[in-house]
Structure formats: structure tokens, C-alpha cells
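Here are some short exercises to work through with the model open on your screen. Try each task before reading its solution.

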Amino acid sequence: MEPLSTSFALYAAGAAATAASLVKLKSRLDLSRAKHRSLTGHARMSRLFTALVPFYEYDEGRFFRADDAPADIGEKRRAGFFRLAALYRERYPETIRQTVEVSGAISDLQFTDAYRVPFQFSRFVRTHLKTGTFVQSSSGVTVTDLDGNAFYDLTGSYGVNLFGYDFYKECMARGAERVRDLGPVLGSYHPAIAENVKRLRAISGLDEVSFHMSGTEAVMQAVRLAQFHTRRRRIVRFCGAYHGWWDDVQPGVGNPVPARDTLTLTDMSERTLRVLRSRRDIACVLVNPLQALHPNTGAPSDTSLVDSGRSAHFDKAAYGAWLRELRAVCSERGIVLIFDEIFVGFRLAPGGAQEYFGVRADLVTYGKTLGGGYPVGAVCGRREFMKRYRDDRPADICFARGTFNSHPYVMAAMHEFLTRLDTAEIRALYVDLDATWNARTARLNARLRDEDLPVRIANLSSIWTISYTMPSRYNWMLQYYLRAEGLALSWIGTGRLIFSLNYTDADFDAVVERFVAAAKAMQHDGWWAGPAVTNKTIRRAILKEILAERFLKRA
Ligand SMILES: Cc1ncc(COP(=O)(O)O)c(C=O)c1O
């Protein structure tokens, strides 16, 4: 009897081990299938790949004929480029002078300047076509540089500028008046905070609020709270989504150390839902609703505009349906659903993405525009997820501080922002908001089509991404033509344009005319007149250059 029961026990243990390994294997397989097939979907691989890309750049001849265009086209481009450079020098002398003077000492400026265009072209552009960074004033929908040139502002100040700069100037000034007697006292609160909390609770539909100094910190705190309350480690974020620049939400390129707890999964995918349904270690799912415009791709910066592969398209119904599915799975599996509304909060609807898509999250982060012009981050959440300690284990806490959180000046400007949000004047801006911006976008697209220009716009309400219908290596040049027409862009160029809601039809018409003029000038200068290429052949050619640089020239 004894040997029989021993061998049965061994058999059972073996079977259990095999079953466990099979379950583990299946889970790994499901996870790998839920990763987006692009490099962006594979954080570790993308870091490895980028570390292997060697620096090389084009000399002057190649700069104008990187697509092997005929010599006369190259000459046309050269003439256009240097005409533009002369115009910049003549029109923006003081702005450029001051920018050059400080750029060696401001790391951020050096970085943004180097990464405005693909690296092979970067130094030549920086040498000859310098961009000024300074502005002296803002008014209506324009900003004015140090030389007195007014630009229509399409930067949106990274999304902060929702209602127009004058609105924020008032929030800041009125707020400052209110807290002048208190000054920068920290740790204690100014009464403005109570009203802010009340309004944020109403807007978010959630129980509690915490204030932070930036959006990045708000996301850090939301994730940390989710991990604390679920007692699980893993964070799920979606391929391409930006959530600030701290380690765990930036697991790929840009972060020198690997993020160990982050799973980057495919947005809007059944395979992702399968992973969420089967794993037990997932604390939270982070959603940046801006991704609805370009699911599974990263911030569309012109530095990566090496061809015309960039595309975007917003489908509200499809994205809303996806969010509802996510909501259901998260509820079913005890996963905390976090909406990161730092960018889109208040821009899509007064109640943010939750209201816009009709889906409720467990935690919501806000920032940018909420500060009424000042830096801020906020987390709103359900009571059971916001608590930073455990009643039954007093030493087990979820720590969060920040010297400047709840700064009186920020709270007072926020108070102005939230109060004005309820006024008839601001509410009117939200009436037919999408219809307004969809119609405006369609109007420009029709003009571009009629003029036979290879440029198109996709929009998520007042947020734009520009794409290109004809394969080309030079689309990034458009940003310089747009600036020459008096349109201000952020450092990521044509990847993202952000309008404030105080743009009138007349303002917008002026932008349309300037936009079309810029694209026409670029077309006239031959940048889209190269030999027939496809996005694939462009990418292949670049890969060949990289390989040659790495393995032939360096050998
Ligand atoms: C969705 C989202 N989350 C977080 C952040 C980070 O916010 P901040 O730059 O204030 O740290 C940003 C900033 O662009 C953002 O767009």
C-alpha cells in the first residue's frame, strides 16, 4: 500500500506542477499577445533599439536631397530654406539673440531645440534656421515675441490655455488679491481650498481630493494609492500614452532604468481585456483619454516625423465603448480604474472625460488648466481608495507630501477658475463644442484638399494632429513655414496643435488662411516634389543609413 500511495502523491504533485506551469505559460502568452506589435508596445526592446541607433547627420548636399531628389529640386529647397532663414533673422532678431544667449545654460532649451526635427537634419536647422523661444505678452488668442511680432497661439501652453490667456491673467490677479494677506504660508490652508474641494467633488462625482504640485505627482499618487489598497504591484498603461515623466509610467525610451511593475498593453484590444481578466497582480489601469485621437501611438512629435506614416482619427463611440468594457473588467477584477484627465479634463466637457464619454473612474487626476494659470495636480477619488493609512495597522501608510501642495496663490487662482467655470459666459463655450471644432477642422481640410496640398488635420474637439497624405522625408519643415506665417507652435511642431476655446470664427479664419499659405509656400519650395517614394521605402532607406553608420563607417 505504502509505495502505491507514494507514487500517487508524486503523480498528483507532478500533475499539479505541470498544471501550474501551463497556467503560468498561458498567462505569459496572453500577456505577450496583448502587447502592441510596434516598438512603442515593447518598452525593453525600444530602449535596446534606441541605444543602438548611432548619431549621423546629413551634409548640406544630402540635407536637401535625402530622398534622392533631382538636383533642381534640391536647389529649389535650398533657396526656400535660406529665404526662410533670412526672414527669421530679419523678423525675429532680438527674440533669437536672447534665445541663443541663454540656450547653452538651459538644459531644457537645448533638449527641445535639438529634438524639433529628425536628428539627421537637426544641426543644420539649428545652425541656419534658429527659432526664438521668448515671448513678452499675450492677448486674446495671440502671443507677442520680443520683436513685437504677434502669433496666433496654437501651443495652448501644453493644454493649460483652455479659455484664453486673459482669462488666466484674471484668475491669477483676482486670486492673488484674495490671498495677499496670507502670502506664502504653507501647511495651513486658506479658506479658498474648501470651495475648491466642494466643486471638484461635484465635477468628478468622487468623494475626496488631494492636491499636488504637478500632473506627474498627481499620477504618482493615484498609482501609489491603487497599489496600497489593492496590495498588488502591477500598473497597466496603454501603448503610447503619456502620464508624466516619472519612472513607472515611462517604461520605455527616455527613462534610463527599466520600470519593473509596468505592463504596457494594447489600447482598445480584446487581448488586453483577457489579461485584465486573468491576472491577479494588477493594481490599476491608467487611461489617458487623449489617446482616443491616436490609440497605441505616442505623442506625435515632429522629431519622429521621418515619413508620412503619422495618422490619427477620433471615433467617440468606439472609444466610449472601450472605456465601458474597461470599466466592467476593472469592477469585476477589483482593479482600480484611473482616468488621467490632466490634459483633457475640462477641455472636452465641464465634467471632463468622465462626462464626455459617460464612464466613471475610481480615481481621476486633473492638472494643467485647473490651476487657473499656476502649476498644479489633483487626485479625486472614491473614499476607499484615497485613504493613506489602515485603521487596523497604524504603521502601514501610503505616504504623500509636497512642500508647495495647496499653496494659497494656486488655491485662490483655482478657486477663480472653478467659479468662472459655472458662469453663463464660460458655459456658452461648451455649447456645440465638438460640432464647432469638427466643422472648423473640416473647413480647413476642404481648403487643403481644394488646393491640392498633402496635409490633413484630425481632431479631438479642440486638439489637432497634422498628418500628411504624400510620403515625404520633409514634412517636419512645415512647422517653420507655419511660424513664418505667424502661427505659434510648441516644440513638438505639427504633431499637436491646441486651440483655446475663445477662438472666434474670425480668428479661426485667419489661422486657416495662414495655414494654407504656409503649406503652399512649402509646396512651392519643392519639399513635396521628390521622387515617388512610399513610407516603407523611406523607412528602409533610413534603416540602411543606420546600419551603414553602425557597422561600416565605425568598423
Ligand atoms: C495626461 C497627462 N498626464 C500627466 C502629465 C504630467 O503633468 P505635468 O507636466 O504637470 O507634470 C501630462 C502632461 O502633459 C499629461 O498630459
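The exercises go from the whole chain to single residues.

This is a predicted model, in which local features need pLDDT of at least 70, side-chain atom pairs count only at pLDDT 80 or more, and totals for chains, interfaces and linings use all residues. Residues are numbered from 1 along each chain as its sequence is written, and side-chain values use heavy atoms, with hydrogens and water left out.

**Exercise 1.** Judge whether the radius of gyration of the protein chain agrees with a compact globule.

*Solution.* Start with the rule: 2.2 Å times the number of residues to the power 0.38, with the radius taken over C-alpha atoms. For 555 residues, this puts a compact globule near 24 Å. The protein chain has 26 Å, which agrees. As for its extent, the C-alpha trace spans about 95 × 70 × 45 Å along its principal axes.

**Exercise 2.** Find out what share of the residues in the protein chain is buried.

*Solution.* First, the cut-offs: buried means under 20% relative accessible area, exposed over 50%, and partly exposed in between (1.4 Å probe, protein chains only). Buried residues then make up 52% of the 555 residues.

**Exercise 3.** Examine the phi angles and surroundings of Phe346 and Ser461.

*Solution.* Take Phe346: although not a glycine, Phe346 has a positive phi of about 75°. At 1% relative accessibility, Phe346 is buried. Now turn to Ser461, also not a glycine, with a positive phi of about 55°. Ser461 counts as buried too, at 1% relative accessibility.
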